[in-house]
Amino acid sequence: ILKMKKILLLLAVAFAGVSYAQTQKGDWFVESDLGLSYTSTSVEGTQSQSIFKITPSLNYFVIDNLAVGLGLSYENDKPKNVSAINTFTIMPNATYFFKMGGEIAPFVRGGIGYTTSSQNGVSLSGLAYKGAAGIAYFVNEAVALTGSVDYTGRNLKADGASTSVSYTNLGVGIGVALFF
């Protein structure tokens, strides 16, 4: 029994070291999140609706645990009695993983970029920003399941328009990250 405990302890220590090898300087990770969010829109009053989005990203670790990357986002929103709103965003971002040992790594992410939305032939474009906090569960050294809460915002204008529209989203997402 004592020998078995020593073997299990050695395996646990070895696994803890391996689980973070993928967040070292020079490594890459690809991630894709699926999200559901609640949005509050301020256009002559407040309107509320839910949104589905998918957000793939490619990231490079510039130092241990800190990755910079580029994310793309597609959102489809179908409010009641209104035609669908499609939104595309390109956003450089930074993600920091906190080492805790074992398979769990909390992370924070922030980014700022460009976004465009269209509905009924009307296009708006402008600045997008995002902040997120979450947890990555490393299934093995190459795959992590992620869960996060994020806050995103957009300030949009039509070409030549003097007024802008602001959108904010508070959402949750689940995803998969592949490390190499």
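What percentage of the 180 residues in the chain is made up of buried residues? In this predicted model, buried residues account for 37% of the chain. The accessible area of the chain is about 10100 Å², and 68% of that area is supplied by carbon and sulfur atoms.

The secondary structure consists of 1 helix and 8 strands, arranged along the sequence in the pattern α-β-β-β-β-β-β-β-β. Among contacts between residues at least 6 apart in sequence, 54% join residues at least 24 apart.

The largest nonpolar core contains 11 residues. Its aromatic members are Phe-29, Phe-61, Phe-97, Phe-107, Phe-138 and Phe-179, and the remaining members are Ala-67, Ala-105, Ala-136, Ala-144 and Ala-177. Two or more residues of this core come from each of strand E5 (104-119), E6 and E8. In soluble globular proteins, nonpolar side chains tend to be buried together. Of the core residues, Ala-177 touches Phe-29 and Ala-144, as well as Val-30, Glu-31, Ala-142 and Val-143, when residues up to four places away in sequence are not counted.

Thr-23 is located in the loop between helix H1 (2-19) and E1. This residue counts as buried because its relative accessible area is 1%, against a cut-off of under 20%. With residues up to four places away in sequence left out, Thr-23 touches Phe-61, Phe-97, Phe-138 and Phe-179, together with Ile-63, Asp-64 and Asn-65. Phe-61, Phe-97, Phe-138 and Phe-179 also belong to the largest nonpolar core.

The surface carries a nonpolar patch with about 1100 Å² of accessible area together. The patch is formed by Trp-28, Val-30, Leu-58, Met-100, Ile-104, Ile-135, Tyr-137, Val-139, Leu-145, Val-176, Leu-178 and Phe-180. Strand E1 (28-42), strand E6 (122-140) and strand E8 (165-179) each provide at least two of these residues, and E6 gives the largest share, with 3 residues. Strands E6 and E8 are thus among the contributors to the patch, and both also give two or more residues to the largest nonpolar core. In E6, patch residues Ile-135, Tyr-137 and Val-139 stand beside core residues Ala-136 and Phe-138 in the numbering. In E8, patch residues Val-176 and Leu-178 likewise stand beside core residue Ala-177.

Another member of the patch, Leu-58, is found in strand E2 (residues 46-63). Leu-58 is classed as partly exposed because its relative accessible area is 41%, a value between the limits of 20% and 50%.

Methods
Residues are numbered from 1 along each chain as its sequence is written. This is a predicted model: local features need pLDDT of at least 70, side-chain atom pairs count only at pLDDT 80 or more; totals for chains, interfaces and linings use all residues. Side-chain values use heavy atoms; hydrogens and water are left out. Patches are made of residues with over 30% relative accessible area and no salt bridge: like charges are joined within 9 Å, nonpolar side chains (Val, Leu, Ile, Met, Phe, Trp, Tyr) within 5 Å. Accessible areas come from the Shrake-Rupley method with a 1.4 Å probe; for residues, only the protein chains shown count as cover. A salt bridge is a side-chain nitrogen of Lys or Arg within 4 Å of a carboxyl oxygen of Asp or Glu. Helices (H or I, at least four residues) and strands (E, at least two) are DSSP runs, numbered from the N terminus. Buried means under 20% relative accessible area, exposed over 50%, partly exposed in between (1.4 Å probe, protein chains only). Contact means heavy atoms within 4.5 Å. A nonpolar core is a set of buried Ala, Val, Leu, Ile, Met, Phe, Trp, Tyr and Cys residues joined through side-chain atoms within 4.5 Å.
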